[in-house]
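Hi everyone, thanks for squeezing me in. I'd like to walk you through a structure that's new to most of us, so let's get it up on the screen.

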Amino acid sequence: MADKKKEILVNGEPVPPSAIEHELARLVQFYSQHMPQEELMKQIDILRERAIQQAIGSKLLFQEAEKFNIEVPDEDVEKSLFAMARELGGMDKLREQLKKQGRTEAIFREEIRRGRRVDILVQQIVSEAAEPTEEEAREHFEAHKDEYSKPERVLAQHILITPKDKSEEAAKAAREELLAIRERVIAGADFGDEATAHSACPSGKNGGSLGWFSRGMMVPPFEKAAFEMKVGEVSDIIETQFGLHLIYKTDHEESSSVEFEEARDNIRDFLYHSKRGEMLAQHVTKLREAATVEIPEA
């Protein structure tokens, strides 16, 4: 049984850690569409604190929705249930997963109903949020131009070899293994195939692909090499605290500014959600003022 002294309690009901992680994931997903990844990572501690507050707010909204017993049509529950089943590959797959989790279909349907009650409550709360005007969108863009610029970035694959232990022999063996891989790649072997076969990094199963990354997202020695290399070049061995790396650079984009027209839709979406969020936050603040919230000391 969990130690209640270490749990966040809202009117005596615990807020599970999974609820906080869920809110954090939603925040990261949303803000990743509106700011560069490196800027997002700088804000991660702030976003985690916001996730805690949102999880508390969600608990308060669940409690209010239960209090008013908002009616949810059975067809809404069924629609949500079958949508989730389709994502998993059918009802049999869903029932199999529920069984592993120790949950029945009836319990799951009630969880869906409770969630839909909150959705309906939230829609009622934010129903009067106005769409942002063109003027508001332009003012936001002018005040946050730097956030909408495209940073310099690199597209690359890599292979990571980690020594088996901290001995000089293990370090030498790892270096020789990576040198042999480099020689094969230079001779024409496919870098992705070599990464899949030999890389100790999880990216190895995707051919060593790291996707696009900008400055500040990789450890310094790796970043320096990746940004200084030419496209199509294979690096020498790069040593970091994670082990020994080989980098294959596939593309490079210089930083560039973004015009308002390119950013308009994202800005309008951001401002609209912000307005809705403000209305919801005001409502939650009122609920919280009348609630008992216990947050344990870190």
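Okay, let's start with one residue, Leu60. Setting aside anything within four places in sequence, Leu60 is in contact with Val10, Asn11, Val284, Leu287, Arg288 and Ala291. Keep in mind that this is a predicted model.

So where does Leu60 sit in the bigger picture? Along with Leu61 and Ile267, Leu60 has the most contacts inside the largest nonpolar core, which counts 33 residues. The elements giving two or more residues to that core are β1, α1, α3, α6, α7 (134-143) and α11. There's also a second, separate core, with 12 residues, and Ile159, Leu178, Phe191 and Ala195 are among them. As a general point, nonpolar side chains in soluble globular proteins tend to be buried together.

Now, the strands. Three of them make an open sheet, in the order β2-β1-β7, with antiparallel pairing. β2 (13-15) and β7 (293-294) are the edge strands, each pairing on one side only. Strand β1, residues 8-10, pairs with β7 over 2 bridges, and Leu9 has Glu294 in β7 as its bridge partner.

Last stop, the largest pocket. Its volume is about 2000 Å³. How many residues line it? The count is 50, and nearest the centre are His22, Glu23, Arg26, Gln54 and Ser58. Elements that give two or more residues to the lining include α1 (17-31), α3 (44-68) and α11 (260-289). By type, the lining splits into 21 nonpolar, 17 polar and 12 charged residues.

That's my tour, thanks for listening!

Notes. Residues are numbered from 1 along each chain as its sequence is written. This is a predicted model: local features need pLDDT of at least 70, side-chain atom pairs count only at pLDDT 80 or more; totals for chains, interfaces and linings use all residues. Side-chain values use heavy atoms; hydrogens and water are left out. Two strands pair if DSSP finds at least two bridges between them. Helices (H or I, at least four residues) and strands (E, at least two) are DSSP runs, numbered from the N terminus. On a 1 Å grid over the protein atoms alone, a cavity is a set of points where a 1.4 Å probe fits but cannot get out, and a pocket is an open set with protein on both sides within 12 Å along at least five of seven lines; lining residues have an atom within 4 Å of a point. Grid points are joined across faces, edges and corners, and a volume is the space filled by probe spheres set on the points. Ala, Val, Leu, Ile, Met, Phe, Trp, Tyr, Cys and Pro count as nonpolar, Asp, Glu, Lys and Arg as charged, and the others, Gly among them, as polar. A nonpolar core is a set of buried Ala, Val, Leu, Ile, Met, Phe, Trp, Tyr and Cys residues joined through side-chain atoms within 4.5 Å. Buried means under 20% relative accessible area, exposed over 50%, partly exposed in between (1.4 Å probe, protein chains only). Contact means heavy atoms within 4.5 Å.
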